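Notebook open, coffee poured. I want to go through this fold one piece at a time and write down what I look up.

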Amino acid sequence: LRVLMIGDLIGKPGRQVMERELTGIREDRGVDLVTANGENVAGGMGLTMSTAGALFDSGVDVITSGNHIWDKRELIPQLDGEPRILRPVNYGTEGVPGHGWGVFHATDGTEVAVINAQGRSTMIPIDNPFTEMDKLLDGGADALPPVRLVDFHCELTSEKTAFGLHLEGRVSAVVGTHTHVPTADHRVLARGTAYVSDLGMTGPLDSVIGFEPETVLPRFMNGLPTRFAVGSGPVFFNAVLIDIDPGSGAAHSIERISRIIEM
């Protein structure tokens, strides 16, 4: 089973790259299922049903997210009815809309569990992702298919690494998102879990993590608040391609895909 997990999509440029490139990538590389972190697609912050629909039409099977999933308030009432859009599982269950995980089908019918979790270091203090994952895997492992993909939306590489090692051998892949900068530590851990600290973004290359430099630099120059604008120009496409044994759920390989796409 071959899955493609795509890093944080930034605004219109990220969406347009999906619409233009994803079908070809799926066909050329024989991809069976695609996840993409889509919490920054709608104007650089948040997600809407229309932008989510565009991603699904382009070939994305599951949209993962993180702290910005709540930014577009019109999406929140829709989350319960769209299981293909995930919010972090450790926001809790009581009074929290949406789904933290789901079981989906690859092109050949293989069942794939996709789970979204969020870190806590330098982020809001939601439920513990480590113990919440233990509850899900230990309490419902028999109900989950062997192939299990985890998007861990987290700030610190130390927390991401610890999370990957904590889940080693229990899930097929742990990929980090949120910092928008790709890391060079992709590997298959000893017990068959593919891991990378951060996928990186799919957004404007000549930018500050996807945003126009002139709208970001004042924050660092004089501390004045500014309104970020999505960048323009060539797009940096970042993802990983993972081959997984559908019977055991063990990953065989993980390959980084990084391309600069002229828009």
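First thing I asked: is strand β7 (residues 173-177) mostly covered or mostly open? I found it mostly covered, with five of its five residues buried. A reminder to myself: this is a predicted model.

**Entry: β7 and its partner**

I checked the two faces of β7 separately. A173, V175 and T177 sit on one side, V174 and G176 on the other, and all of them are buried, so both faces are covered. That split fits the general pattern: in a regular strand the side chains alternate between the two faces of the sheet.

Next I looked up the pairing with strand β6 (residues 147-153). Five bridges join β6 to β7, and the two run parallel. As one register mark I noted V150, which stands opposite V174 in β7.

**Entry: the sheet around it**

I then traced the whole sheet. It is an open one of six strands, in the order β4-β5-β6-β7-β9-β8, and the pairing is mixed. At the edges I found β4 (101-105) and β8 (187-188); each has a single partner strand, so one side of each is left without a neighbour in the sheet.

For β4, that partner is strand β5 (residues 111-118): five bridges join them, and they run antiparallel. Here I used G102 as the marker, and its bridge partner in β5 is V114. I jotted down the general point too: strands of a sheet pair through backbone hydrogen bonds, either parallel or antiparallel.

**Entry: N116**

While on β5 I stopped at N116, which lies in that strand. Its relative accessibility is 0%, so I logged N116 as buried, the cut-off being under 20%. What does N116 touch, leaving aside its neighbours within four places in sequence? I listed T64, S65, L86, R87, P88, V89, G100 and D151.

**Entry: K160**

A lysine caught my eye next. K160 is found in helix α4 (residues 157-167). Buried or exposed? At 2% relative accessibility, K160 counts as buried.

I pulled the contacts of K160, again skipping neighbours within four places in sequence: F152, C154, E155, G176, T177, T179, Y195, S197 and D198. G176 and T177 are on that list, and I had already met both as buried residues of β7. I also took one distance: K160 and F220 are 60 residues apart in sequence and 26 Å apart in space, C-alpha to C-alpha.

**Entry: β2**

Back towards the start of the chain, I looked at strand β2 (residues 33-37). This one is mostly covered, with five of its five residues buried. L33, T35 and N37 are on one side, V34 and A36 on the other, and both faces are covered. Four bridges join strand β1 (residues 2-6) to β2, and the pair runs parallel. M5 stands opposite T35 in β2.

**Entry: the whole chain**

Last, I zoomed out. The protein chain has five helices and 12 strands. Its radius of gyration is 17 Å, close to the 18 Å that the globule rule gives for 263 residues, so the chain is as compact as a globular protein of that length. Along its principal axes the C-alpha trace spans about 50 × 40 × 35 Å.

Of the 263 residues, 56% count as buried. The chain exposes about 10,700 Å², and carbon and sulfur atoms supply 52% of that. For charge, I noted 21 positive and 34 negative side chains, with the centres of the two sets 3 Å apart.

Definitions and conventions
Residues are numbered from 1 along each chain as its sequence is written. This is a predicted model: local features need pLDDT of at least 70, side-chain atom pairs count only at pLDDT 80 or more; totals for chains, interfaces and linings use all residues. Side-chain values use heavy atoms; hydrogens and water are left out. The radius of gyration is taken over C-alpha atoms; the globule rule is 2.2 Å times the number of residues to the power 0.38. Buried means under 20% relative accessible area, exposed over 50%, partly exposed in between (1.4 Å probe, protein chains only). Accessible areas come from the Shrake-Rupley method with a 1.4 Å probe; for residues, only the protein chains shown count as cover. Lys and Arg count as positive and Asp and Glu as negative; His and the chain ends are not counted. The place of a charge is taken as NZ of Lys, CZ of Arg, CG of Asp or CD of Glu. Two strands pair if DSSP finds at least two bridges between them. Contact means heavy atoms within 4.5 Å.
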